[in-house]
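Q: Could you teach me how to read the features of a protein model, one at a time?
A: Gladly; let us look at the model together and begin with a pair of helices.

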Amino acid sequence: MPRTLPGPVAPVALTLLLGLWGITREGSMWRDEAATWQVAHRTVPEIWQLLHQVDVVHGLYYLFMHGVFTVFGDSLAALRLPSVLAMACAAALVASLGTRLAGRCAGQAAGLAFALLPAVQRYAQEGRSYALVTVCVAAACWLLVAAVDRPGTGRWAAYGAAVLVAALLNWFSLLALCAHAVTIALARPPRETVLRWAGAASAAVTGALPLILVSGQQSQQVAWIPPISRSTLIGLSLTLLVGALCAWAARRGLHPPTSTRLPVTALALPLLALPPLLLLAASLARPIYLDRYVLFAHLGLALLIGAACQTLALCLRTHLPPYRTTAVLVTLAFLGLLPSQLSLRGATGRIDDVVSTAENVAAVRRAGDAVLFIPAARRDTALVSPAAFTGTKDVALRHRPVESGTLNGQEGTPEQITHALLTAGRVVVISDAGAASAATSRDRAKRRALDAHFVRCDQTSERGRTVTVYERRDNNLPMRTHEDEGEHHFTGRSFGPRAAFPIRVISAHPDASPLEFPLVAVVLVSGRTKPSWPTSAGHKSVHHRAWQAVTPDSIRAADYAVPTHPRNSPMERKPPTQGLSEVGLTALWVLHHRSVYLHDPVAERVLRSIEGRQKTLGPAMGRRTATMTHYFAQRAALFDAEIRRFASRHSDPQVVALGEGLETQFWRVDDERLRWISVDLPDVIRLRQTVMPPSERVTHVACSVLDTRWMDQARCDRPLLITAQGLFMYLRSREVTELLRACAHRYPGSTFLFDTSPWWFLALSRVGGVRCGQFRIPPMRSSLSPAGLARLRSRLPAGTSVTHVPAQKSRGPFRVFHRYGHRIPLVSGCVPATVRIRFPG
């Protein structure tokens, strides 16, 4: 007797387990879910009023979620649990279909494969209708097979009802009828069966026709969909190719029971291919293609994978029983997809997060502030978390969403918005991160008023959205300051983590013409006086906003940098390590492990200086292991060799070290000609200035690497090498691309050198699996595989060279893989890599 779980129990259990795992996604909610959240909180008449103007295509789902919130209350779990249950039911139907069409082993494998598909896992944890559409289409497929095998009025009526419900949830699901038509043709049933199918399908289309006609009048809702991209075509082509290969591989194992007329390929292949291809063809006239609109096509892919697994199990049955083969394949698939699963369940797994944006607003808003949303659709932040906007005024809003029967409310005219802005002294702006120029006249009016009458004084960009604080240029506005032991404290959040540091106002030239300019642009992190640094997590600096009348021309470029002036016995001062952020502690950890095998007297002195005054630092950083120490030393040596090679080819070289941490590379490669610019967060720069030897050719810039102020320090007319050692894995892929594009534009002809971590190390860091002593490295955000490097090259200017830098000398237990792994196709994405980019120019 086969030792397997009966029927679809295993697929359902796996789908539920994966769906409930991290269902809150660290308390995040993206924009589409925000629409569901705020509409489901309205009354039925208010929802009905909304559907007359917008989102009628989601009307049935909104009413359903309104009922869910009424009965079970509102929470992230309640928002997403219906999708989890729907996908679990779909997995059961897939397993049942596979069993009926190809055999028990194929059914089990198909259900488990469906549960593991990344697209299924994503939309199983989203508060949108796509999971419900998928289960309705799966039910329609099951009823179609049942009705073809045993025709009956009840089965055909149920089939039509399932198709109609799917269409009312999203009428793009009617594309499944085209696939079913091909299935009927391949089955060659009696004429009566064909007519009954046509009648049921026609009834479903007729029932959904009013929805289709009304939604056509709301076509502006999909006007944002971009044209078909190359990545979309590649992704769809790969999916179809996998399906075709599985169908080809399944030929030997296909022995459908005699009780059915249909082979599994007759149902699965049309369902996989036709809906996305038809939607893609329609997008040639008007862009409407999104993969989630045809999510149900993955039902066909899962059935084909299950059939292929059954064939493989039959081939290996002399070695392993079929159920064990299936278990091994599922386990391997789960491990292979683990990085994708972790990413989907993180707060950064979606395009944006309205909850974290609301938290950022709450951190900077003051009573009486004006708030502005660019575009107006970003008002969903306030609609989901109104408490974060307490005491503020939405100056552009004229009619609230509920009373206007819209999703985001109705804003005033451009003139009304401009007039309202001129009455505000401080404005908090919520916008998309990296957004393009304003697209509507209202948004353009907002931007013009902000540029003409306000100055940006604070900005936070996190999880796809940006919160920016503006203040009026009027000189007579009250100055808001905070004094702590004689020093001003400024909290800067510009494209990076929060940092508190003391400031000193730089006075303008005597003959400078008056012009308001933000203090953040003219502050100098100074070590000439003894600062009072925040040294504990309990210290909470306030946002300092003050203005100084200066001209941009009166600000020297050096004013943006931290000076490296001589100090009296820098090694005798106690390093302020207690106030370090995670980034600073990571820099200490790398220094602790690197200094063993690399001959670096400066690093040894720095480490002794820090550990001598903080006795617990060494044990906290963990025991030095051969793997870690060899890797960090080898990476540093490789960067040293590249910098020396660059410096030897140029007479006046300059190097920008992004995210340098406590690296002492300058003192290892200096040839008395090198100009060095070190860029890192203020707490790390503060520690560097305390423990590093001074040099007139080293400039420190205290800012995030994503803050373009550091670019003012490097000269465009001199050869430039930019390094990012141990940095890019802590940035998002989009941020890496934007940074590289900015460097290519600002420094044509320059060279960029960086390293990457493999996907499995990223996965370990996210689950806390990389720990040394009491230290655990922060979660990494991205990993560049060979395919990712190819995509990166396509997003950079034409003529950009992207090459792999092989390790010249490698030691340690993994030296063979580290040195030659990039040449092996199956191993290249599993080993660290160093990449050199040369920009055209």
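A: Please keep in mind that this is a predicted model. In it, H5 and H6 are roughly antiparallel to each other, because an angle over 145 degrees counts that way, and the angle at which helix H5 (residues 76-101) and helix H6 (residues 104-116) pack is about 155°, with their axes 6 Å apart. The crossing of H5 and H6 is right-handed.

Q: Which residues of H5 and H6 make the contact?
A: From H5 come Met87, Ala90, Ala91, Val94, Ala95, Gly98 and Thr99, while H6 contributes Arg104, Ala106, Gly107, Ala110, Gly111 and Phe114. When the residues of this contact between H5 and H6 are sorted by character, eight are nonpolar, four are polar and one is charged.

Q: At what angle do helix H13 and helix H14 cross?
A: The axes of helix H13 (residues 264-283) and helix H14 (residues 298-315) cross at roughly 140° and come within 7 Å. An angle of this kind falls in none of the parallel, antiparallel or perpendicular ranges, and H13 and H14 are therefore oblique to each other. Their crossing, that of H13 and H14, is left-handed. On the H13 side the contact is made by Val264, Thr265, Leu267, Ala268, Leu269, Leu271 and Leu272, and on the H14 side by Leu299, Gly300, Leu301, Leu303, Leu304 and Ala307. The residues of the contact of H13 with H14 divide into 11 nonpolar and two polar, with no charged ones.

Q: Let us turn to single residues: is serine 215 buried or exposed?
A: A residue counts as buried when its relative accessible area is under 20%. Serine 215 has 12% relative accessibility, and therefore counts as buried. Serine 215 is placed in helix H11 (residues 191-216), and, if residues up to four places away in sequence are not counted, serine 215 touches Val56 and Trp171. Trp171 also belongs to an aromatic cluster, which it forms with Tyr123, Tyr130, Phe172 and Tyr293.

Q: And where is valine 602 placed, and what is valine 602 in contact with beyond its neighbours in sequence?
A: Valine 602 is placed in helix H23 (residues 601-613), and with a relative accessible area of 9% valine 602 is buried. Once neighbours within four places in sequence are left aside, valine 602 is in contact with Thr664, Trp667 and Pro693. A separation along the chain can also be set beside a separation in space: valine 602 and arginine 668 are 66 residues apart along the chain, and their C-alpha atoms are separated by 8.5 Å.

Q: How many aromatic pairs does the structure hold?
A: The structure holds 15 aromatic pairs. In the pair of phenylalanine 666 and tryptophan 676, the ring centres are 5.9 Å apart and the planes stand at 65°, so the pair is edge-to-face. Phenylalanine 666 lies in helix H26 (residues 665-669) and tryptophan 676 in strand S14 (residues 675-680), so the pair ties together parts that are 10 residues apart in sequence. Phenylalanine 666 and tryptophan 676 are both buried.

Q: To step back to the whole protein, how many helices and strands does the protein have?
A: The protein has 31 helices and 21 strands, and buried residues make up 54% of its 841 residues. Finally, if we consider contacts between residues at least 6 apart in sequence, 77% of them join residues at least 24 apart.

Notes. Residues numbered from 1 in each chain as written. Predicted model: local features only at pLDDT ≥ 70, side-chain atom pairs only at ≥ 80, totals over all residues. Heavy atoms only, no water. Axes fitted to C-alpha atoms, helices over the stretch in contact; angles between N-to-C directions. Helix = DSSP H or I, 4+ residues; strand = E, 2+ residues; numbered from the N terminus. Parallel < 35°, antiparallel > 145°, perpendicular 65-115°, else oblique. Left-handed = near helix turned anticlockwise from the far one by under 90°. Contact = heavy atoms within 4.5 Å. Nonpolar A, V, L, I, M, F, W, Y, C, P; charged D, E, K, R; others polar. Buried < 20%, exposed > 50% of the residue type's maximum accessible area, 1.4 Å probe, protein only. Phe/Tyr/Trp six-rings, centres within 6.5 Å; stacked < 30°, edge-to-face > 60°.
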